[in-house]
Amino acid sequence: MPYRIAFLTDIHGNLHGLEAVLREVRQAAPDLVLVGGDLTYQFPYPRESLELLATVEHRAVAGNTERYVTEWATPAAWPAWLPHWGGPHAQWTRQQIGEDWAARLAALPEELTLTVAGAPGGAGDLLVTHGVPGNPFVG
């Protein structure tokens, strides 16, 4: 029997979108739920989205926006090569999610390598990353 994986990515704090997707995920009952980064930083419900995602067993990797709200969420830390308007939004997002969630996001790995059953010919390896391996800003 094939191994069924639900893969979510670029949630960006879109609570209503996540609610709809998780309804489908719960109904489909996959073997594994993977999240490919960018959990917050765009839509106005970052904390609520993280709390909802936490109700589903999943494995996640960090995207570029996790870096925005964990490492670069102060005016002095915001990189000059990113649009200037992003810094205040990163600060706002960090305030909304709080330090506990920021620490959880900061602890996410940049990539996961998993061996899953059900691939053609038997078990197979799966690399989960945001962007391209080694660079979450590309793609």
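There are 4 salt bridges in this structure, which is a predicted model. Three of the residues involved, Arg67, Glu71 and Glu110, are joined into one network through shared partners. Alongside these charged pairs, here is a look at a small parallel sheet and a nonpolar surface patch.

**Salt bridges**
- Arg67 pairs with Glu71 through their side chains, at 3.7 Å from N to O.
- Arg67 also forms a salt bridge with Glu110, where the closest N and O atoms are 3.3 Å apart. Because Arg67 sits in helix α3 (residues 64-70) and Glu110 in the loop between α4 (86-106) and β4 (111-119), this pair ties together parts that are 43 residues apart in sequence.
- Arg67 counts as partly exposed, with 22% relative accessibility, and Glu110 is likewise partly exposed, at 43%.
- Another salt bridge links the side chains of Arg94 and Glu99, at 2.7 Å from N to O.

**The sheet and its helix**
- Three strands make up an open sheet in the order β1-β2-β3, with parallel pairing. Its edge strands, β1 (5-8) and β3 (59-60), each pair on one side only.
- Strand β2 (residues 32-35) pairs with β3 in the parallel sense over 2 bridges, and Val35 stands opposite Ala60 in β3.
- Helix α1 (residues 15-28) lies across β1 and β2, and runs at about 175° to β1.

**A nonpolar surface patch**
- Tyr3, Ile5 and Phe7 form this patch, with about 260 Å² of accessible area together.
- Tyr3 belongs to the segment before β1 and counts as partly exposed, at 31% relative accessibility.

Note on methods. Residues numbered from 1 in each chain as written. Predicted model: local features only at pLDDT ≥ 70, side-chain atom pairs only at ≥ 80, totals over all residues. Heavy atoms only, no water. Pairing = 2+ DSSP bridges. Helix = DSSP H or I, 4+ residues; strand = E, 2+ residues; numbered from the N terminus. Contact = heavy atoms within 4.5 Å. Axes fitted to C-alpha atoms, helices over the stretch in contact; angles between N-to-C directions. Patch = residues over 30% accessible without salt bridge, like charges linked within 9 Å, V, L, I, M, F, W, Y side chains within 5 Å. Areas by Shrake-Rupley, 256 points an atom, 1.4 Å probe, with all protein chains shown as cover. Buried < 20%, exposed > 50% of the residue type's maximum accessible area, 1.4 Å probe, protein only.
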